[in-house]
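The following questions and answers examine a set of helices, their faces and the pairing of their charged side chains. Please consult the sequence and the model as you read.

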Amino acid sequence: MVPLDQRAVPGDRVLTQLRQNLLADPGYDWQRHLATPQPPRPVVRQVLPAPTHAGLPGLESDELLAAAEAVAQQRRPDENDYLAQALAHEVRRRGLAEDLRRVSERHARLRVEDFLDRAAWPYHPTDCWAMASGAAAPGVVVPRDDDEPPW
């Protein structure tokens with residue numbers, strides 16, 4: 001019975017608002033206001049959040065490649081190795097098999113190069129044998145005839 005713009009008034013104040021309308025205008029047309037339809041409700045469109053993945057599908061591609069390479073380098077998977085199977089499945093599902101091969105080859109080359117770079121370090125093969133023998137004074141290198149360690 002109240003005008004459309006006043007229909008949001010709390011329920012305990014509706015009668016007070018209606019009385020004010022009737023006192024302010026003795027010819028208050030309450031039937032017209034009662035017949036006024038409610039405006040259509042707003043259309044609420046629920047926007048679902050982007051799906052989040054957990055576990056291996058939740059890894060970024062570079063993280064997945066690093067984990068897969070580490071597992072592949074550490075052990076040879078068997079039929080009960082769930083981690084290796086899951087990693088291999090995810091790598092193949094994303095089409096990263098060639099990337100994994102490339103990354104593994106690059107890291108293997110770097111490991112070999114690091115190994116070979118050790119030749120540039122100073123190397124004194126008799127230092128450790130002389131220190132362990134205790135036959136000479138400290139700091140004096142005594143060559144050993146055998147290649148076996150003294151322990």
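Q: In which helix is Ser104 found, and is Ser104 buried or exposed?
A: In this predicted model, Ser104 is found in helix H5. Its relative accessible area is 16%. The limit for a buried residue is under 20%, so Ser104 in H5 counts as buried.

Q: Which residues does Ser104 touch, not counting residues up to four places away in sequence?
A: Contacts here are heavy atoms within 4.5 Å. With residues up to four places away in sequence left out, the residues that Ser104 touches are Glu69 and Gln73.

Q: How far apart are the end C-alpha atoms of helix H4, and what span should its residues have?
A: Helix H4 covers residues 82-93, which is 12 residues. At 1.5 Å a residue they should span 16 Å. The end C-alpha atoms agree with this, being apart by 16 Å.

Q: Where around the axis of H4 do its buried residues lie?
A: The buried residues of H4 are Ala84, Ala86, Leu87, Glu90 and Val91. They cover an arc of only 165 degrees around the axis, and therefore lie on the same side of H4. On the other side, Tyr82, His89, Arg92 and Arg93 are exposed. What covers the buried residues includes helix H3 (61-74) and H5.

Q: Which residues are linked with Glu90 in a network of salt bridges?
A: Glu90 counts as buried at 3% relative accessibility. Arg93, which counts as exposed at 51%, forms a salt bridge with Glu90, with the closest N and O atoms 2.4 Å apart. Arg94, partly exposed at 24% relative accessibility, also meets Glu90 in a salt bridge, at 2.9 Å from N to O. The residues linked with Glu90 in the network are thus Arg93 and Arg94.

Q: What separates Arg93 and Glu90 along helix H4?
A: An α-helix has 3.6 residues a turn, so residues three or four places apart point the same way. Arg93 and Glu90 are three residues apart in H4, and therefore their separation is about one helical turn.

Q: With which residue does Glu98 form a salt bridge?
A: Glu98 is partly exposed, at 46% relative accessibility. Its partner lies three residues apart from it in helix H5, about one turn of the helix. The closest N and O atoms are 2.8 Å apart, and the partner is Arg101.

Q: Which residues make the nonpolar surface patch of about 330 Å²?
A: One of them, Val112, is found in helix H5 (residues 97-117). Val112 is partly exposed, with a relative accessible area of 49%. The patch is made by Val112, Phe115 and Leu116.

Note on methods: Residues numbered from 1 in each chain as written. Predicted model: local features only at pLDDT ≥ 70, side-chain atom pairs only at ≥ 80, totals over all residues. Heavy atoms only, no water. Patch = residues over 30% accessible without salt bridge, like charges linked within 9 Å, V, L, I, M, F, W, Y side chains within 5 Å. Areas by Shrake-Rupley, 256 points an atom, 1.4 Å probe, with all protein chains shown as cover. Salt bridge = Lys/Arg side-chain N within 4 Å of Asp/Glu carboxyl O. Helix = DSSP H or I, 4+ residues; strand = E, 2+ residues; numbered from the N terminus. Buried < 20%, exposed > 50% of the residue type's maximum accessible area, 1.4 Å probe, protein only. Expected span 1.5 Å × (residues − 1). Arc of directions from axis to C-beta.
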